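Here is a model to talk through. Please take a look before the questions start.

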There are 2 protein chains.
Amino acid sequence: MKKSLGAKTILYPTPTLLIGSYDEAGKPNVMTAAWGGVCCSIPPCVAVSLRKATYTYGNMMNRKAFTVNIPSENQVAVVDFFGIASGKKVDKFAVSGWTPVKSDLVDAPFVKECSLVLECRVIHTYEIGLHTQFIGEIMDVKADDSVMDENGKLLPEKVKPFFYAPEDHRYFGMGGELGKAHAIGKSFIKTSG
Amino acid sequence: MKKSLGAKTILYPTPTLLIGSYDEAGKPNVMTAAWGGVCCSIPPCVAVSLRKATYTYGNMMNRKAFTVNIPSENQVAVVDFFGIASGKKVDKFAVSGWTPVKSDLVDAPFVKECSLVLECRVIHTYEIGLHTQFIGEIMDVKADDSVMDENGKLLPEKVKPFFYAPEDHRYFGMGGELGKAHAIGKSFIKTSG
């Protein structure tokens, strides 16, 4: 039996995305966002929603660019800090000791300490309500050697992404492999033959 | 050192969302979508991107409603099937033996076998490219008693959501708790004094 919990933003898993941007003076900032994800395959795009009150909102509106950086589970405390603090008041890179790196293709810094980063240019914005959604075209994905196998294949087990559970307000790690996509469901297709 | 992997939709984690809808004749359908997530807190909204070629695309355009159903890791094979097969050709509920349930607030069925479901009404669509993004206002969230504690608090550990790794094409389960959000990062705020 299902019980109603009301109209809330409960969805599992939501990602923990570190959004990199430059302010008007060129100071790099980074913030944590859980409201986002991939939103198109061709062109490859990612959506991220931000409140107008965030420092990153103004940066992204001005620069029309951002990066999405995927943190690893051993970085969870820093990620939480990047979500609590505001770039208006503190230099989050300086406090954390983390390193902004100039992107190759977009006007936003990526985070050196994240093993997987996406360089994005803003192609659309839509004000939904408290949050405004930014759609960014993914111009390039970069990954550290350390999270790839000997053939250059990216391995999620090495990236060790984690997720945020809304309402519950906890972070959870990644578990083991459950199966191959577009494969383990084929048994049902035979059944329906 | 980071290597360029090109412009691709690589982001971890992406969710495995089961989207429920009715066709013109009232037949329920369900499909798996990984391109989606929460996109606004007030009003509470979720975004899901679909290709025009999917059966669900037409259903959602016509009915202006959908459900988001969160599957558990022991349901991964069915979830994969729901992503491979098309509702144009097969009755996915009939083949899987799963059960569509009439929603209370929107014109779309939720999935009885999923412990966590969201009833959504379409408030905006945007054609990005291959995918069209639907923004749905979350009208209600419902959860099974079995995934809540004795006080009615929803526990992610009981829902056991899993995620899809794009490009890698594998599903991964949920790991252990890493820490409390808006809490474990506070140590850095003291540092910045």
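A colleague asks and the modeller answers, about a model that is predicted.

Colleague: How many helices and strands does chain A have, and what is its radius of gyration?
Modeller: The secondary structure of chain A comes to five helices and 13 strands. For 193 residues the globule rule gives 16 Å, and chain A comes close to that, so it is as compact as a globular protein of that length. Its radius of gyration is 18 Å.

Colleague: What share of the residues of chain A count as buried?
Modeller: A residue needs 20 or more other C-beta atoms within 10 Å of its own to be buried. Of the 193 residues of chain A, the share that passes is 54%.

Colleague: Is Met60(B) buried or exposed?
Modeller: Met60(B) sits in helix H1 of chain B, residues 55-63. Leaving out residues up to four places away in sequence, it touches Ser21(B), Phe66(B), Val122(B) and Phe134(B). The cut-off for burial is 20 or more neighbours within 10 Å. Met60(B) has 24 C-beta neighbours inside 10 Å, so it counts as buried.

Colleague: What relates the two copies?
Modeller: Chain A superposes on chain B with an RMSD of 0.0 Å, after a rotation of 180° and 0.0 Å of shift along the axis. The copies are therefore related as by a two-fold rotation axis.

Colleague: Which residue of chain A has the C-alpha nearest the axis?
Modeller: The axis in question is that of the 180° rotation. The C-alpha nearest to it in chain A lies 2.0 Å away, and belongs to Gly175(A).

Colleague: Through what do the copies meet?
Modeller: Take the interface residues of chain A. Of these, 100% are also interface residues in chain B, so the copies meet through the same surface.

Notes:
Residues are numbered from 1 along each chain as its sequence is written. Chains are lettered from A and ligands numbered from 1 in the order in which they are written. This is a predicted model: local features need pLDDT of at least 70, side-chain atom pairs count only at pLDDT 80 or more; totals for chains, interfaces and linings use all residues. Helices (H or I, at least four residues) and strands (E, at least two) are DSSP runs, numbered from the N terminus. A residue is buried if 20 or more other C-beta atoms lie within 10 Å of its own, exposed if 12 or fewer, and partly exposed in between; C-beta atoms are placed from the backbone. Two residues are in contact if their C-beta atoms, placed from the backbone, lie within 7 Å. The radius of gyration is taken over C-alpha atoms; the globule rule is 2.2 Å times the number of residues to the power 0.38. Copies are superposed by least squares on the C-alpha atoms of residues with pLDDT of at least 70 in both.
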